[in-house]
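I opened this model to look up how its strands pair and what sits in its core. My entries follow in the order I made them.

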Amino acid sequence: MSAFVEDETAWNLRCKKDFLSLHKRLGSGGMILVEKANEYAIEEFFKLAFFYGYENVRAFCSAKGMQAYLMKKLG
């Protein structure tokens with residue numbers, strides 16, 4: 001996604017839009033895997049995820065060596 005986004009503000013707007021789209025489709029107990037692409041990529045996602053009742057189930061490094069987070073939708 002970083003190829004499509006020019007700056008931090010645009011990234012945050014894209015992150016919100018993408019998260020809300022996933023949230024609407026995901027049922028209770030559903031999982032989302034998020035990889036951290038850059039320094040500001042994950043902050044907005046976490047704010048939204050915690051606001052909408054997601055839990056960080058696990059944090060690890062992906063096969064590409066990037067930080068990754070597994071989020072579970074509660075309720």
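I started with a single cross-strand pair: F60 stands opposite A68 in β3. The model is a predicted one, and I read the entries below with that in mind.

Next I looked up the strands around that pair. Strand β2 covers residues 54-61 and is joined to β3 by seven bridges, the two running antiparallel. I checked the hairpin they form and found five residues between the strands, with G65 at a positive phi near 85°.

I then asked which strand also pairs with β3. It is β1, which pairs with β3 (residues 67-73) in the antiparallel sense over five bridges. Here I noted L70 in β3 as the bridge partner of L33.

I looked at the two faces of β1, residues 31-35. I32 and V34 are on the covered face, while M31, L33 and E35 are on the uncovered one. In a regular strand, side chains alternate between the two faces of the sheet.

For I32 I listed contacts, leaving aside neighbours within four places in sequence. I32 is in contact with L22, L26, F45, Y54, Y69, L70 and M71.

I moved on to the largest nonpolar core. It has 12 residues, among them I32, V34, Y54, Y69 and M71. At least two residues of this core come from each of α1 (8-25), β1, α2 (41-51) and β3. Helix α2 gives the most, with five residues. In soluble globular proteins, nonpolar side chains tend to be buried together.

Is Y69 buried or exposed? Y69 counts as buried because its relative accessibility is 14%, and the cut-off for buried is under 20%. Y69 lies in strand β3. Not counting residues up to four places away in sequence, Y69 touches I32, L33, V34, I42, F46, N56, R58 and A59. I also looked up the separation of Y69 and I42: their C-alpha atoms are 9.4 Å apart, with the two residues 27 apart along the chain.

Last, I turned to the surface. L20, F51 and Y52 form a nonpolar patch there, with about 310 Å² of accessible area together. F51 lies in helix α2. I entered F51 as exposed because its relative accessible area is 68%, and exposed requires over 50%.

My closing note sets two residues side by side: Y69 in β3 is buried, whereas F51 in α2 is exposed.

Definitions and conventions: Residues are numbered from 1 along each chain as its sequence is written. This is a predicted model: local features need pLDDT of at least 70, side-chain atom pairs count only at pLDDT 80 or more; totals for chains, interfaces and linings use all residues. Side-chain values use heavy atoms; hydrogens and water are left out. Buried means under 20% relative accessible area, exposed over 50%, partly exposed in between (1.4 Å probe, protein chains only). Helices (H or I, at least four residues) and strands (E, at least two) are DSSP runs, numbered from the N terminus. Two strands pair if DSSP finds at least two bridges between them. A nonpolar core is a set of buried Ala, Val, Leu, Ile, Met, Phe, Trp, Tyr and Cys residues joined through side-chain atoms within 4.5 Å. Contact means heavy atoms within 4.5 Å. Patches are made of residues with over 30% relative accessible area and no salt bridge: like charges are joined within 9 Å, nonpolar side chains (Val, Leu, Ile, Met, Phe, Trp, Tyr) within 5 Å. Accessible areas come from the Shrake-Rupley method with a 1.4 Å probe; for residues, only the protein chains shown count as cover. A salt bridge is a side-chain nitrogen of Lys or Arg within 4 Å of a carboxyl oxygen of Asp or Glu.
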